[in-house]
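Q: Please take a close look at the salt bridges in this protein chain. Which residues pair up, and where do they sit?

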Amino acid sequence: MFTLAEVASLSDIQPTYRILKPWWDVFMDYLAVVMLMVAIFAGTMQLTKDQVVCLPVLQSTVNSKVQPDTSGKADFTTVETTTGQEEASIRTVSFGAPTVPPDILLSRATSSQYQPTESGQELKKEQKDSSGRKTNLDFQQYVFINQMCYHLALPWYSKYFPYLVLIHTIILIVSSNFWFKYPKTCSKIEHFVSILGKCFESPWTTKALSETACEDSEENKQRLTGAQSLPKYVSTSSDEGSPSASTPMITKSGFKFSADKPMIEIPSVTILDKKDGEQAKALFEKVRKFRAHVEDSDLIYKLYVGQTVIKTVKFIFILCYTANFVNTISFEHICNPKVEHLIGYTQFECTHNMAYMLKKLLISYISLICVYGFICLYTLFWLFRIPLKEYSFEKVREESSFSDIPDVKNDFAFLLHMVDQYDQLYSKRFGVFLSEVSENKLRGISLNHEWTYEKLRQHVSRNAQDKQELHLFMLSGVPDAVFDLTDLDVLKLELIPEAKITAKISQMTNLQELHLYHCPAKVEQTAFSFLRDHLRCLHVKFTDVAEIPAWVYLLKTLRELYLIGNLNSENNKMIGLESLRELRHLKILHVKSNLTKIPPNITDVAPHLTKLVIHNDGTKLVVLNSLKKMTNVAELELQNCELERIPHAIFSLSNLQELDLKSNSIRTIEEIISFQHLKRLTCLKLWHNKIVSIPSSITHIKNLESLYLSNNKLETLPAAVFSLQKLRCLDVSYNSIAVIPVEIGLLQNLQHFHITGNKVDVLPKQLFKCVKLRTLSLGQNCITSIPDKVSQLLQLTYLELKGNCLDRLPATLGQCQLLRKSGLIVEDHLFDALPSEVKEVLNQDTSIPFANGI
């Protein structure tokens with residue numbers, strides 16, 4: 001027999017699980033407890049008091065009959081005489097005077113009237129025989145009959161009814177709580193209850209709901225005072241919606257911020273303990289992961305439906321078979337033990353002393369089962385009446401104004417439906433942790449606590465242009481204290497997905513350059529107005545073109561725009577470059593991408609551009625016809641575009657001054673003759689290509705001042721190069737040139753000459769007639785000696801000789817007044833071999849010659 005504690009442990013559920021038990025589950029649990037008590041009570045009584053009492057039924061030829069009265073007792077009112085043979089048989093089974101039944105005594109008395117002498121003799125003989133030890137065999141006989149008739153005459157249902165009730169109740173209890181015990185659902189339920197409790201008790205929940213309530217009241221006032229001002233509001237708090245080219249904001253349905261009025265601040269709400277903030281952030285992450293884990297299956301829902309169906313089927317089964325056996329529990333039973341050879345009787349009348357109580361308990365049990373079954377049917381009706389695998393937070397969104405709370409499905413939705421049966425306040429407070437708006441607000445509060453003005457000031461540095469620069473990397477947002485750095489010139493925001501630029505940026509009057517690296521920043525209306533009027537340079541780095549903020553294309557005073565990201569042919573149709581026509585003051589456009597053609601939309605700003613830079617990632621740039629429209633372009637860079645020849649469209653750019661075709665696949669430059677039409681071309685960069693020769697037609701570029709041909713495959717320098725009298729910089733490094741032509745002396749304006757990494761072994765004396773040389777790179781060649789005429793280069797400040805076959809340096813190096821040791825790149829042993837006075841001159845401070853007016 002089970003103890004009460006053992007049975008109760010089957011329904012032992014953690015107290016925290018009560019939020020997942022609706023009223024019908026609780027009611028059925030109580031019904032199960034009552035049924036369990038019925039089973040225990042009936043079983044206890046059966047073990048202690050259950051028995052039957054049997055009396056023999058007389059068999060006579062005169063139809064002796066036993067008629068029970070209304071109380072259930074036998075009333076022997078008619079007794080007739082028996083024959084002599086019957087008397088003898090009765091006498092043989094009598095067990096002494098004290099235990100002889102009355103009917104036997106009566107028959108004895110009747111028969112004695114006819115045979116007094118014989119009976120007297122028999123009595124004397126019996127009295128003589130009974131003088132021995134008494135064995136109570138007659139009592140044992142009736143105990144034996146009672147035991148036999150208990151098993152033979154008593155129906156099985158009367159004997160096992162309490163145990164059946166106990167088994168059925170245990171099955172029902174197990175079925176009710178199986179979803180709390182099954183491993184694959186128990187872990188999810190335990191995790192859900194744990195998160196739900198923490199979300200309910202989190203201080204951030206109360207603060208967020210209080211803040212939105214205040215915002216709702218303010219928004220309602222604004223709606224009542226003026227519906228006309230609605231278009232002035234822009235949403236920057238959620239990710240719904242898409243960029244629009246006609247407005248600088250991304251329209252959404254979250255919180256409303258005014259362009260004319262300051263944002264509402266609630267000091268009591270924004271103050272949050274750091275520990276509470278960290279716990280709230282951890283809860284957001286847990287909720288996100290739990291949702292992803294639970295929403296992909298409906299196992300909990302199916303298990304709950306399954307166990308409810310099992311309970312319903314169990315109820316029907318119990319009700320059906322119990323109704324058939326309810327009448328078998330009776331007080332009177334007829335028993336035929338078939339032991340007449342021992343006792344002389346074949347039939348016994350038995351009474352079951354527990355029948356009355358068991359029948360009452362059975363009726364009570366049937367009543368409980370009926371109530372239990374009706375509740376099961378109601379549960380099934382509730383399960384299939386509404387789609388429990390979908391849960392909408394529409395009401396929560398309306399009450400809390402967190403319009404971005406997503407609807408959930410599958411097991412996540414079912415658990416929330418169950419929680420609503422306990423208390424709908426749980427789901428309302430839980431929805432706060434499903435909202436990205438709420439998470440962003442929390443991040444903003446935590447961010448402002450961590451990044452104070454003093455900490456941000458420590459991260460401000462000076463860049464190469466001597467401007468104050470602040471670089472923020474991988475933060476959850478832009479700290480408010482950033483906008484208090486009023487003297488900041490450059491602001492870099494990198495990998496900040498929820499960056500928001502508020503109206504406080506108008507304090508940063510020195511800000512002219514902004515970098516957005518994988519940072520689709522949102523701006524308020526006032527902040528946009530400030531950026532539109534003050535921002536001069538903008539760098540945008542993105543993975544997909546959709547990350548480019550829409551307001552970028554409306555910065556009318558922008559001078560420089562740098563776009564770095566994927567702009568392949570598929571995304572070209574999506575790019576918002578058609579809005580570049582609004583950038584009327586744009587002068588420099590830098591595109592670093594993988595273009596196969598120059599987007600036609602760039603031609604919208606072509607008349608304004610003075611510099612166009614396209615850096616490809618090795619993708620071949622094919623279509624360049626749109627370049628012809630860029631008549632005002634002065635600088636053009638087409639780098640790493642897999643060009644094999646100089647594009648003909650370039651020859652139409654009459655205002656072109658600098659052309660850079662670095663890192664392409666150009667082998668021949670015969671088209672260079674067409675550059676004669678570009679009267680303003682002064683700088684030509686053809687470095688890092690595959691050029692093998694320079695055509696003599698290069699002489700037609702009369703105004704060329706800089707020529708870069710490094711990292712090619714040149715073997716000779718034609719004399720035509722040295723006819724460019726205005727040439728000031730010539731770079732032919734890293735080729736295969738063996739001889740420097742003597743015509744180099746014709747370049748009287750040459751200031752920078754680079755021939756590092758070639759095969760030169762002799763320096764012509766005419767080289768030192770270029771007295772304006774300031775930079776001379778001769779490293780990594782085969783030069784064996786430096787002529788003494790190097791002293792003629794009075795303006796020389798940089799001389800590279802390292803990597804040659806020199807055994808000494810000329811002492812005349814000391815006459816190069818502007819040359820110092822820092823500008824002399826040579827092996828240490830060669831420098832140490834110089835005369836001491838020469839070394840002293842080279843080691844002098846560079847400020848001394850300038851102090852003398854040189």
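A: What follows describes the salt bridges of this predicted model, after a few words on the chain that holds them.

The protein chain has 854 residues, and 47% of them are buried. Its secondary structure consists of 24 helices and 26 strands. Of the contacts between residues at least 6 apart in sequence, 56% join residues at least 24 apart. The chain exposes about 42,000 Å², with carbon and sulfur atoms supplying 54% of that area.

Now to the charged pairs. Side chains of opposite charge can pair when their charged atoms come close. In the whole structure, 17 salt bridges are found.

One of them joins Glu635 and Lys611, with 3.5 Å from N to O. This pair links distant parts of the chain, as Glu635 belongs to strand β18 (residues 635-639) and Lys611 to strand β17 (residues 611-616), 24 residues apart. Glu635 has a relative accessible area of 28%, so it counts as partly exposed. Lys611 is also partly exposed, because its relative accessibility is 22%, and the cut-off for a buried residue is under 20%.

Another salt bridge is formed by Lys620 and Glu644, whose closest N and O atoms are 3.8 Å apart. Here too the pair links distant parts of the chain: Lys620 lies in the loop between β17 and β18, while Glu644 lies in the loop between β18 and β19 (658-660), 24 residues away. Lys620 is partly exposed at 43% relative accessibility. Glu644, at 49%, is partly exposed as well, because a residue counts as exposed only over 50%.

Salt bridges can also share partners, and in this way Glu285, Arg288 and Lys289 are joined into one network.

A further pair is Asp466 and Arg462, where the closest N and O atoms are 3.9 Å apart. Asp466 has 54% relative accessibility and therefore counts as exposed.

For the wider setting, UniProt, in an unreviewed entry, places the feature "transmembrane region" at residues 27-47, 160-180 and 362-384. In the model, residues 27-47 are 100% helix and 0% strand, and the C-alpha atoms at the ends are 30 Å apart. Residues 362-384 are likewise 100% helix and 0% strand, with 33 Å between the end C-alpha atoms.

Methods
Residues are numbered from 1 along each chain as its sequence is written. This is a predicted model: local features need pLDDT of at least 70, side-chain atom pairs count only at pLDDT 80 or more; totals for chains, interfaces and linings use all residues. Side-chain values use heavy atoms; hydrogens and water are left out. Helices (H or I, at least four residues) and strands (E, at least two) are DSSP runs, numbered from the N terminus. Buried means under 20% relative accessible area, exposed over 50%, partly exposed in between (1.4 Å probe, protein chains only). Contact means heavy atoms within 4.5 Å. Accessible areas come from the Shrake-Rupley method with a 1.4 Å probe; for residues, only the protein chains shown count as cover. UniProt positions are given in the numbering used here, feature names are shortened, and annotations may be inferred rather than shown by experiment. A salt bridge is a side-chain nitrogen of Lys or Arg within 4 Å of a carboxyl oxygen of Asp or Glu.
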